[in-house]
Each structure stands twice: as structure tokens, then as C-alpha cells.
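The following exercises practise the reading of a protein model. Please attempt each task before turning to its solution.

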Amino acid sequence: MKNLESSAMPLSDKEISKIFLDQSEDFILFFNEQMEIEYLSDAFEFTLDFKKENLLGKKLNEVWVNFPSLPLMKPEQKMVIPITSAVSKQKFLIEFKFRIITDLEEYPDRIFCAIGRDVTDRELALKKFKDIAFKEKELNQMKSRFVSMASHEFKTPIATIVSSINIMELLLQKEFNEEIKSRLYNHIEKITNQTSRLTDILGDVLLLEKTIQLGGGLIGQKISILKFITQLVNAMNDENFGRRHIRLFAPDKDQFILSDPTLLTHVFRNLIQNALNYSPGSVDPEVHLIYRGSFVEVMVKDYGIGIPKEDRKNIFGSFYRGSNVGNIKGTGLGLNIVWELVKKLNGEIWFESKVGLGSEFHVSLPSK
């Protein structure tokens, strides 16, 4: 009786190598100097759903356009390359290491080897970490700029408050005739105005910090945009006590959007208030509501001082104010906050402006 064990032929080194390569979870491929694929491991089929027989003989950088051309590949170089699954369309991030093999008997020319591993989770975690680090850096820079700005901006209102209090103390030592009462009321009004100014500055800074830290995933509410804009414009007209009138131009029909009413209120109230502040003595500002397919657009137009060309690239930056604002009060945070909030609402904001003729600020928001 024959010994079955002795009849088994030992595996050759080539067969062992093929079994090892085919069973490996790594993405292994060989290609020649023409970048034609000579071999693919089974991982390309199991994980990425590519049929090996459909890829053999094809040029590597034509099958996956993200692969670099051969001169760019350096020995032992590592490169993360995005590859999309042929069936599920899931995107994988594969880190490949390139090598040159020159000692294969059956291949007289050089053979290039790329060994890859799935690093999708690692790269996504790294991106998230970088995003968090960037936001933290941005927040720290904002806090640093705030300290610098506050040391300058807070001096005037605080000095005014202290001065008014001192004068009031002197006046209180005298009789309260009509002149003294008038002067007291004048200083009380100064204290109230400067305190309000400080409150506005601090409120803007706190809102900006909250906006930067605010993550995605806002839960939108169904909002009647025509009703919303109309009520806001009417409220601001009432607050102006007839001094300035904001003109509203809107379609007759209404349209609904999914958004956050609190953030929307701050965006458009800020833009409208800017239009009032920066167009003193000019034609009253306008608000236009426009429907553009699956988007709604709100345009706030003023006929004021306009924005100089040299200021336009920085207009949405924090603590930045135009070079022509003169004595018009502001913190330099308003448009930066508006820009951040519009991004959170998945919208876009842009502007057009001519010095001396006015500005138009456009906000586009998805309605579906």
C-alpha cells in the first residue's frame, strides 16, 4: 500500500509565493516600465470589487487616475491614493509603498511593485484632528486679536464713563437747577450709550467664538421666508422710529426653506443695520427677496460710502474695518460673524460695491 504522505509533491517557491500574495490582505500589484499591470493580489477583488482579469495588461494610471506617472515614483516612497470601489462606489484611502525589483529571472526588465494598505480610518481621523486643530488655532488667534482690539476699543467708552461719573459727582454737590439737571441727563445718556457699546462688542465676540466652535448638523426648521423677511424689515423700521425706512421688494408668493431662525435673524439684521449705518443721508436701503430655482436669495442694498478695492479681500475677516468708515462705530466683527453663520446654514454670501455709490450683499440659501 502506497504512503499517501510520501506521494504529495512539495510546493515550489513560486507556488508558495503566489499563495502568500493571493491570500495577503495587502493590495499588491506589479507593473512594468510601460506602467502595464502584470499582477494584482486578490485583495483588489475582495475589498475593491475589481475583476483582476479586466485590469491585467492595462496601464496603471489609466485604471486609477490618481496614481502618479512612473518618474514620480521613488523607491520606498509612500503615497496615500484614493480609490473608489468598482461596485459599491465606496471611497478607500490606500497607502502604497513603491519598490523596484530587478532580480526576477522571468522578467529581464525592471518590475515595479506597489504594496498598499487600507488607511481610510486613519486618514479620516487625522483629517478630523486637523480640522479641530485648525479651529482651535483660529479661535486662539481670534482671542489674541480680541485682546489687542479690546485694549484699544475699550479705552474710549471706559474713559467716557469714568469722566461722566466724576462730573456727575461734582454736579451732585450743587443745587439741582435746570441747567445741572440737563447736564446730568446728558452724562447719564453718555454712560448708557458707552455701556451699550461695550455690551455690543462683548456680545459680538462671544457670538463669534460660539460660531467657530459650533459643529455641523444643524436641525433646520420650516420657515416661510417671505413672512420671515417681512416681519424682520417691519420690526427694524419700527425700531428706527421713522428716521430711516428700509424698503422691501419681494414676490407675491411665499416659499419655505429649512433653516435656523435665530441664525437667520442675526445674519439679515446685521446686514440691514450695516446698510443703515454706512449710508447716512443717502437713499433708504433696500431688501430684495428673489427665488432662484432650489435657492432663495436675499440682497441687501444701500446707497452709501461703498467699500474700497483694497479692503474687499479682507471684508469678512474678524476685527477688520474698512479704511473709509470714519467715525461710524463698529467692532469689525459683524461681517465675520455673518460669514461664519451663512456657512453653518449651507449658504453662500458675496457682495458688489462701488465707492461712493453703495454696496449690495447677497445671501443665497438652499430651499430644498
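**Exercise 1: a buried acidic residue**

Asp 42 counts as buried because its relative accessibility is 15%, where buried means under 20% relative accessible area, exposed over 50% and partly exposed in between (1.4 Å probe, protein chains only). The model is predicted: local features need pLDDT of at least 70, side-chain atom pairs count only at pLDDT 80 or more, and totals for chains, interfaces and linings use all residues. Residues are numbered from 1 along each chain as its sequence is written, and side-chain values use heavy atoms, with hydrogens and water left out.

Task. State where Asp 42 lies and which side chain Asp 42 contacts.

Solution.
1. Asp 42 is found in the loop between β2 (37-40) and α3 (43-46); helices (H or I, at least four residues) and strands (E, at least two) are DSSP runs, numbered from the N terminus.
2. Its side chain makes a polar contact with the side chain of Lys 52 at 2.6 Å. A polar contact is a pair of N or O atoms within 3.5 Å; within protein, one must be able to donate a hydrogen and the other to accept it, and residues adjacent in sequence count only if both atoms are side-chain atoms.

**Exercise 2: the largest nonpolar core**

Task. Determine which residues have the most contacts inside the largest nonpolar core and which element gives the most to this core.

Solution.
1. A nonpolar core is a set of buried Ala, Val, Leu, Ile, Met, Phe, Trp, Tyr and Cys residues joined through side-chain atoms within 4.5 Å.
2. The largest such core has 38 residues, and Phe 268 and Leu 271 have the most contacts inside it.
3. With eight residues, α10 gives the most to this core.
4. Leu 271 touches Val 300, Leu 335, Val 338, Phe 361 and Val 363, leaving aside residues up to four places away in sequence; contact means heavy atoms within 4.5 Å.

**Exercise 3: an aromatic pair**

Task. Classify the ring pair of Phe 31 and Phe 112 as stacked or tilted.

Solution.
1. Rings of Phe, Tyr and Trp (its six-membered ring) pair if their centres lie within 6.5 Å; planes under 30 degrees apart count as stacked, over 60 as edge-to-face and the rest as tilted.
2. The whole structure holds eight aromatic pairs.
3. In the pair of Phe 31 and Phe 112, the centres are 5.6 Å apart and the planes 15 degrees apart, and the pair is stacked.
4. Phe 31 belongs to strand β1 (residues 27-31) and Phe 112 to strand β5 (residues 111-118), 81 residues apart.
5. Phe 31 is buried, with a relative accessible area of 0%, and Phe 112 is buried at 7%.
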